[in-house]
Amino acid sequence: MNTIKNKSVVITGATNGIGKAITKELTKCGYYLIILARNEEKIKGLHKELLSINPQVELDSYQVDLSLVKETNEALIKIKEKYDKIDVLVHSAGLIPNKIEKTSEGVEQSFAVSYLTRFLITENLLPLVLKSGTKLIFSVASPGHNGTIHFEDVHFDHRKFMPVEVVKQFNKCNDVYTSYLSQKFSSEALNVYCYDPGLVDTSIHLGWPFPFSLLMRGIAKPFFMKTPAKAAEIPAKIITGGFKPDGIFVNSKGKLIKCPEITGNREYQERVIDLGNEIIEST
Ligand SMILES: NC(=O)c1ccc[n+]([C@@H]2O[C@H](COP(=O)([O-])OP(=O)(O)OC[C@H]3O[C@@H](n4cnc5c(N)ncnc54)[C@H](OP(=O)(O)O)[C@@H]3O)[C@@H](O)[C@H]2O)c1
């Protein structure tokens with residue numbers, strides 16, 4: 001077992017799917033885990049499971065609904081008070097919506113979890129990450145799909161709900177923000193990655209409307225879906241320093257994904273960052 005002592009990782013999505021599989025790998029390596037998750041029972045169950053992998057595992061958890069800016073901010077304040085530095089930040093919390101649902105703060109739910117609070121967490125914890133030796137931010141997402149960001153109608157209030165469009169929108173925001181971080185902090189040797197796991201057998205596909213549910217469970221699952229453990233292999237290698245890709249957008253084979261040119265455009269990046277800040281301020 002490869003032991004990486006005294007390294008800390010903040011991770012979301014650790015209670016299920018790909019995030020959980022990554023957490024298990026980091027547990028084997030002796031990382032200190034700081035977990036943001038919404039379900040107290042699942043956090044307890046996860047802790048038990050991790051102790052069976054590594055009886056020395058240390059876990060600090062914060063119960064937080066990551067669709068809510070207020071709750072996420074409260075957890076971030078506590079984390080910033082408690083820690084001077086954080087080595088790694090892993091974003092894996094996310095969802096794919098099957099209908100438009102707004103949070104109590106008025107944000108489209110999948111945008112809130114899959115982009116907005118990721119952005120909020122990164123902006124808040126970046127100074128701590130930059131103080132570490134590792135300086136690594138890793139997002140599990142779906143880069144490279146070139147969706148449209150509807151700056152004037154992010155929450156799909158005035159357009160027909162299309163799950164694909166909603167998903168492409170938050171993924172485009174993630175791509176642009178990843179690219180921005182990589183460019184802006186290159187002189188500080190920040191390592192940023194946005195990872196596409198491909199089709200993975202997790203609960204994210206449950207609850208999709210027919211016929212997508214049938215396609216996923218009946219056809220994709222037996223023939224194309226990988227296990228979360230398989231999907232966590234490349235992330236674990238990158239995080240533990242066993243593999244350094246030549247670019248920031250990476251697939252499950254460790255190969256680079258090409259994103260459209262606009263992703264690297266500074267003006268566009270600033271528009272996306274302003275959008276995130278404006279929505280956060282409005283909540
Ligand atoms: N699976 C795939 O085929 C696939 C493909 C491409 C990209 N991805 C991306 O990979 C990431 C991880 O997905 P997955 O497949 O591992 O999904 P998953 O098994 O459904 O896990 C999602 C995780 O996000 C957490 N989460 C969701 N909403 C939350 C909220 N409001 N507050 C706090 N935590 C919340 C869940 O918490 P609970 O445990 O409490 O439910 C769970 O831990 C997502 O961003 C997804 O878009 C997945």
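Here is a short tour of the structure above, from the overall chain to single residues.

The model is predicted, and its protein chain holds 9 helices and 7 strands. The radius of gyration is 18 Å, close to the 19 Å that the globule rule gives for 283 residues, so the chain is as compact as a globular protein of that length. A ligand is present, with 28 residues around it.

**Overall shape and packing**

- If you lay the C-alpha trace of the protein chain along its principal axes, the span is about 50 × 45 × 40 Å.
- Of the 283 residues in the protein chain, 40% are buried.
- Among contacts with a separation of 6 or more, 76% are between residues 24 or more positions apart.

**Around the ligand**

- Thr-15, Gly-17, Leu-66, Gly-94 and Thr-202 are the residues that come nearest to the ligand.
- By character, the shell around the ligand consists of 12 nonpolar, 13 polar and 3 charged residues.
- Two helices, α1 (17-28) and α4 (109-130), each supply at least two residues of this shell.
- The largest share, 3 residues, comes from α1.

**Thr-15, one of the residues nearest the ligand**

- You will find Thr-15 in the loop between β1 and α1.
- Thr-15 counts as buried because it has 22 C-beta neighbours inside 10 Å, and the cut-off for buried is 20 or more.
- Leaving aside residues up to four places away in sequence, Thr-15 touches Lys-20, Ala-37, Asn-39, Lys-42, Ile-43 and Leu-46.
- His-155 is 140 residues away from Thr-15 in sequence, and their C-alpha atoms are 27 Å apart in space.

**Strand β4 and its partners**

- In a regular strand, side chains alternate between the two faces of the sheet.
- Strand β4 (residues 88-91) sends Val-88 and Val-90 one way and Leu-89 and His-91 the other way, and all of these residues are buried.
- Strand β1 (residues 8-12) pairs with β4 in the parallel sense over 3 bridges, and here Val-9 stands opposite Val-88.
- Strand β5 (residues 136-140) also pairs with β4 in the parallel sense, over 4 bridges, with Val-90 of β4 opposite Phe-138 of β5.
- To get from β4 to β5 the chain passes through α4, and this β-α-β crossover is right-handed.
- Helix α4 therefore appears twice in this briefing, as part of that crossover and as a supplier of at least two residues to the shell around the ligand.

**From β5 to β7**

- β5 and β6 pair in the parallel sense over 5 bridges.
- Phe-138, which stands opposite Val-90, has Tyr-193 as its bridge partner in β6.
- Helix α5 (residues 163-184) joins β5 and β6 in a right-handed β-α-β unit.
- Strand β6 (residues 191-196) is mostly covered, with 5 of its 6 residues buried.
- β6 and β7 run parallel and are joined by 3 bridges, and Asp-196 has Asn-251 as its bridge partner in β7.

**Loop residues worth a look**

- Lys-135 has a phi near 50 degrees, a positive value in a residue other than glycine.
- Lys-135 sits in the loop between α4 and β5, and it counts as buried because 20 other C-beta atoms lie within 10 Å.
- Asn-146 also has a phi near 50 degrees, again a positive value in a residue other than glycine.
- The place of Asn-146 is the loop between β5 and α5, and with 14 other C-beta atoms within 10 Å it is partly exposed.
- Gly-241 belongs to the loop between α8 (233-239) and β7 (249-251).
- Gly-241 counts as partly exposed because it has 14 C-beta neighbours inside 10 Å.
- Between Gly-241 and Asp-153 there are 40 Å in space, C-alpha to C-alpha, and the two are 88 residues apart in sequence.

Conventions
Residues numbered from 1 in each chain as written. Predicted model: local features only at pLDDT ≥ 70, side-chain atom pairs only at ≥ 80, totals over all residues. Near = placed C-beta within 6 Å. Nonpolar A, V, L, I, M, F, W, Y, C, P; charged D, E, K, R; others polar. Rg over C-alpha atoms; globule rule 2.2 N^0.38 Å. Buried ≥ 20, exposed ≤ 12 C-beta atoms within 10 Å, placed from the backbone. Contact = placed C-beta atoms within 7 Å. Pairing = 2+ DSSP bridges. Right-handed = clockwise from strand over helix to strand, strands pointing away.
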